[in-house]
Amino acid sequence: MTDKTDITLTINGRDHAIAVEPRRTLADAIREDCGQTGTHIGCEHGVCGACTVIVDGEPVRSCLMFAVQAAGKPIRTIEGLADGERLHPMQQAFMDHHGLQCGFCTPGFLMLAVGVLEREPDIGDEALLDVLSSNLCRCTGYQNIIKAVRAAAKEMRGK
Amino acid sequence: MKPAAFVRHVPRTLDEALKILAQVAPQDGRVLAGGQSLVPIMAFRLAKPAHLVDINEVEGLDRISNDGKLLSIGARVRHAAFHKSVVENPLGLLLTEVARHIAHYPIRVRGTFCGSLAHADPASEWCLVAATLDATMVAKNTRGERPIAAKDYFQGIMSTALAEDELLAEARLPLLASDAKFGFNEFNRRAGDFAMAASLVCYRLQGGKIVEPRVGVGGAEPCPRRIAEAEAALNGKAPGDAVFRAAAEAAASAVEPLEDHQTTGEYRRDLVRAVVRRALEQSIT
């Protein structure tokens, strides 16, 4: 065991003062130490993308970052996507296009798609397809996820 | 799937990083840059470094510069930096073309160019670029720095000429001639997977004939390298289907392919033939 470090994680604008070992992944810290369990953990080695969150404006695999590395940086998770009762356009599009079945991978897909579209709003459909290949879904066959993200992309651009 | 315990060091300057690395290297200390290869290996406990020197807070390591001859890429330049051309030279476009094949978007915003070179996975796209273009790797420790030529740098599967107390501070790539032509192709079963074979080609045309050909192959052998036999098949010839096929055949014959439980040597040799031909075809489109 190594000593724990006191850090503050700022998740969806709220500060969480926690003490973690350096080896604590950001994904584990978000869920276990900060109680924000919307971020899901699938493979724990950067392959599945279920744990994708937005750190400093960039979509990242939170299982491949250590919590101590995210201290002081703005972190956004699925819990912060809706505006009160009003769903984010990406969430609404996933509902409208049946972009989920079991829902396990959904938080990761939403944060991936939102993270990329906020950085590159004019990204083309082909490039978006490549982006979506980042994450794994074992239910939908992907087609409805692609439809949902393309529809949300249009709406996000329109705003 | 949790990494073993380690002590994290967070230097703010390169000198400080090198001092810490010198101290902890003998105790299995490693450099942590983007962490997109090292952290998965730690999750599997294939690596259990006692110390990590985290260079994410070191100033100045994310610099890309060019002096008209060389493009210098700092230790913490992320893959995503190459989503757009970083230099007004065919090299900028080449790097952009290659970058989109590296893993996936969220990996590219964290993983680093030099980290890939230090990790030296045989399937690494950046290692192939370094080998094909004869890059120079600049290794630094507390005693100074030394340049390492690509042909001496790659020493085996995930094995390089870097000493344990050396940090790969910079990679230097030669700018290409303004009329340089290039092509890149890799084969993998799913988008973003490790390449089972990849090829980067680069040359110029003089009077309609290929000059200064470079044919690099990665993912097929323990290290990426230029294939002299394939370059000889191109040199002085006009680009075209027959010449490209001859060069691809020469590359396929020259490699000693890696085998694994899913991929026989002959299959991989066949892939080399395909990726070299496709890279050459891309170079004229």
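**Exercise 1. Determine what share of the contacts in chain A with a separation of 6 or more comes from residues 24 or more positions apart, and describe the overall form of the chain.**

Step 1. In this predicted model, residues 24 or more positions apart account for 57% of the chain A contacts with a separation of 6 or more.

Step 2. List the secondary structure. Chain A has 5 helices and 5 strands, and their order along the sequence is β-β-α-β-β-β-α-α-α-α.

Step 3. Compare the radius of gyration with the globule rule. The value for chain A is 16 Å, close to the 15 Å that the rule gives for 159 residues, so the chain is as compact as a globular protein of that length.

Step 4. Add the dimensions and the burial. Along the principal axes, the C-alpha atoms of chain A fill a box of roughly 45 × 30 × 25 Å. Of the 159 residues, 47% are buried.

**Exercise 2. State how the domains of chain A are divided and which strands supply the side of domain 1 that touches domain 2.**

Step 1. The domain assignment places residues 5–79 of chain A in domain 1 and residues 89–158 in domain 2.

Step 2. Taken over C-alpha atoms, the centres of these two domains of chain A are separated by 21 Å. The contact takes 14 residues from domain 1 and 13 residues from domain 2.

Step 3. On the domain 1 side, strand E3 (52–55) and strand E4 (58–61) of chain A each supply at least two residues. E3(A) gives the most, with 3 residues.

Step 4. By class, the domain 1 side divides into 7 nonpolar, 6 polar and 1 charged.

**Exercise 3. Describe the side of chain B that touches chain A.**

Step 1. Count the residues: 24 residues of chain B are in contact with 24 residues of chain A.

Step 2. Locate them. Strand E1 (7–9), helix H2 (38–43) and helix H4 (105–108) of chain B each supply at least two residues of the chain B side.

Step 3. Sort by class. The chain B side has 15 nonpolar, 5 polar and 4 charged residues.

**Exercise 4. Trace the pairing of strand E6 of chain B.**

Step 1. Strand E6 (residues 136–141) runs antiparallel to strand E7 (residues 144–149) of chain B, joined to it by 6 bridges. A hairpin through 2 residues connects E6(B) to E7(B), and Met137(B) has Ile148(B) as its bridge partner in E7(B).

Step 2. E6(B) is also joined by 5 bridges to strand E10 (residues 167–174) of chain B, again antiparallel. Here Thr136(B) stands opposite Arg172(B).

**Exercise 5. Work out the arrangement of domain 3 of chain B, its sheet and helix H10.**

Step 1. The domain assignment of chain B gives domain 1 (7–57), domain 2 (64–174) and domain 3 (181–283). The centres of domain 1 and domain 3 of chain B, taken over C-alpha atoms, are 35 Å apart.

Step 2. An open antiparallel sheet of 4 strands has the order E11-E12-E13-E14 in chain B. E11 and strand E14 (225–226) stand at the edges with a single partner strand each, so one side of each is left without a neighbour in the sheet.

Step 3. Take the edge at E14(B). This strand pairs with E13(B) in the antiparallel sense over 2 bridges, and Val217(B) stands opposite Arg225(B).

Step 4. Place the helix. H10 (residues 265–283) of chain B has 19 residues and reaches 27 Å from its first C-alpha to its last, close to the 27 Å expected. Its buried residues, including Leu271(B), Val275(B) and Leu280(B), pack against E11, E12 and E13 as well as helix H8 (228–234) and helix H9 (241–254) of chain B.

Terms used. Residues numbered from 1 in each chain as written. Chains lettered and ligands numbered in written order. Predicted model: local features only at pLDDT ≥ 70, side-chain atom pairs only at ≥ 80, totals over all residues. Expected span 1.5 Å × (residues − 1). Buried ≥ 20, exposed ≤ 12 C-beta atoms within 10 Å, placed from the backbone. Contact = placed C-beta atoms within 7 Å. Rg over C-alpha atoms; globule rule 2.2 N^0.38 Å. Nonpolar A, V, L, I, M, F, W, Y, C, P; charged D, E, K, R; others polar. Domains from an automatic or database assignment. Pairing = 2+ DSSP bridges.
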